[in-house]
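Dear colleague,

I am handing over the structure we spoke about, with the sequence alongside. Please have both open while you read the notes below.

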Amino acid sequence: MEVTNRYIVTKTHIDGALEESHFELKTASPALTVEPGSNDVVVKNLYVSIDPYQLNRMKSYSSSKSAIIFSIGITPSEGIDAYGVARVVASGSSKFEKDDLVVGLIAWGEYSVVKEGNMLSKLDPMGFLLTHLLHPSMSSNRCLNASPNASSNAFASSISTELQLLPLFVPAGFSGLAAYGGFFEVCQPKKGEKVFVSAASGSVGNLVGQYAKLFGCYVVGCAGSKKKVELLKEKLGFDEAFNYKDETDLKSTLKGYFPDGIDIYFDNVGSEMLEAAVANVNNFGRVAVCGVISEYTSGKRAAPDMLDVVYKRITIRGFLAADYMNVYSDFISTTSDHLCTGNMQALEDITPGVENIPSAFIGLFSGDNVGKKIVKIADE
Ligand code: NAP
């Protein structure tokens, strides 16, 4: 069988501001066959995750490239791997059969050839449980129906009727684990502590704020528009939120929201916000550096007052979601419980069409997304 595969590549390394002209939609006509026993799997991509860290992979140099397998460099003109959900078209592996639904590292394109050893898992009944539990519109009844004992028949028929739920495998992945591991393991929160989250309406940030509230902290978030600020306070239960773009003196703004200081800062943006937060962090405060998106394109670097860090004995710690695989099952069970009972909301932002991947990706750096950014490639 031969198909047309449209996929996205970068034309060059990208070291400054992102533009659509850095990307190209290529077309190829691969034969969708695999050698039996080759262990290669050809999949039709359904949903792909759009994440800021991909930009660091596209640079000519970035320390991310030698950190972990997921963040190795992207070579211009070659396919771009990304986490996503797909359906098996042809399999040379005994682990997968044609039409299986799978999740793992696929590509920014319509089809992917997943080589042996690349991360790919079948969506099994546990996946079925996740799919249903993680959907914000699921009623409690449907959550209960999706018990771990659900039969594989129920799984199969449900999948076909509820395919729109599949993108939730994506937020259930690394963004969620970054939020959960970063907040509970890196920040080591105590009930009643005061927490500040930046990029709070984004994929990681919205979950951090919700975990912190449910844990019993006082939570303030910042985001880049009035609409996002309203969402944080009205839908996600943040105690306070503000639009950082309206503020001229971030240090004073934070002093206003935290007259008694910040105990935990969950940093997604870096630069001036990190400096202002550190100035307001209390003795023995913790700063979890999840990401520094404002530095990815601008070349800016944060310069927090290191005397503050010394004399207030502040811990500033970077981390990667993959460091917290040991809490993955806690993350899933806690999150699915909260979503099922309606205590937590899952925010997705879905754009259709492989050709729209570059604009969806660029939009992350100008705040176009609300919640987890996903591109839907195909219905089935
Ligand atoms: P996201 O928050 O869903 O999307 C990015 C958001 O960042 C935008 O919506 C925008 O929201 C904000 N932003 C963009 N440019 C900004 C700037 N110059 N200053 C301030 N805010 C800016 O993305 P995400 O996937 O959740 O990632 C958030 C951060 O976590 C990123 O730094 C990412 O690299 C990092 N991350 C780390 C890990 C890890 O394992 N350590 C895992 C996942 C993500 P506004 O409207 O608020 O500006």
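What follows goes from the whole chain to the ligand site, then to one helix and a few single residues.

Please keep in mind throughout that this is a predicted model. The protein chain has 13 helices and 15 strands, and of its 380 residues 53% count as buried. Among the contacts between residues at least 6 apart in sequence, 69% join residues that are at least 24 apart. The accessible surface of the chain comes to about 16400 Å², and carbon and sulfur atoms account for 51% of that area.

The ligand site comes next. Of the 26 residues around the ligand, the ones that come nearest are Lys-228, Tyr-244, Tyr-296, Ala-321 and Asn-369. By class, this shell is made up of 16 nonpolar, 9 polar and 1 charged residues. Oxygen atoms of the ligand are approached from both backbone and side chain: a polar side-chain atom of Tyr-244 lies 2.5 Å from a ligand oxygen, a backbone N or O atom of Gly-224 lies 2.9 Å from a ligand oxygen, and for a backbone N or O atom of Ala-321 the corresponding distance is 2.7 Å. Taken alone, the ligand exposes 910 Å², and the protein buries 90% of that. The elements that give two or more residues to the shell are helix 6 (203-215) and helix 10 (293-296), and helix 10 gives the most, with 3 residues.

Helix 6 also holds Asn-206, a residue that is buried, with a relative accessible area of 2%. The side chain of Asn-206 reaches the backbone oxygen of Ser-203 at 3.1 Å. Leaving aside residues up to four places away in sequence, Asn-206 touches Ala-200, Ser-201, Leu-236, Phe-238, Gln-345, Leu-347 and Gly-371.

A further point concerns the packing of helix 8, and it may be put as a question: which residues of helix 8 (residues 250-257) are buried? They are Leu-250, Thr-253 and Leu-254. Seen down the axis of helix 8, these buried residues fall within an arc of 95°, so they line one face of the helix. The general background is that an α-helix has 3.6 residues a turn, so residues three or four places apart point the same way. On the other side of helix 8, Lys-251 and Gly-256 are exposed. The cover over the buried residues of helix 8 includes strand 8 (194-197), strand 10 (240-243) and strand 11 (262-267), together with helix 9 (271-280).

Finally, two backbone angles deserve a look when you go through the model. Asn-39 has a phi near 70°, which is a positive value in a residue other than glycine. Asn-39 sits in the loop between strand 2 (23-28) and strand 3 (41-49), where it is partly exposed, with a relative accessible area of 26%. Ser-77 likewise has a positive phi, near 75°, in a residue other than glycine. The loop that holds Ser-77 runs between helix 1 (53-58) and strand 4 (81-91), and at 39% relative accessibility Ser-77 counts as partly exposed.

With best regards

Definitions and conventions
Residues numbered from 1 in each chain as written. Predicted model: local features only at pLDDT ≥ 70, side-chain atom pairs only at ≥ 80, totals over all residues. Heavy atoms only, no water. Near = heavy atom within 4 Å. Polar contact = N/O pair within 3.5 Å; in protein donor to acceptor, adjacent residues only side chain to side chain. Areas by Shrake-Rupley, 256 points an atom, 1.4 Å probe, with all protein chains shown as cover. Helix = DSSP H or I, 4+ residues; strand = E, 2+ residues; numbered from the N terminus. Nonpolar A, V, L, I, M, F, W, Y, C, P; charged D, E, K, R; others polar. Buried < 20%, exposed > 50% of the residue type's maximum accessible area, 1.4 Å probe, protein only. Arc of directions from axis to C-beta. Contact = heavy atoms within 4.5 Å.
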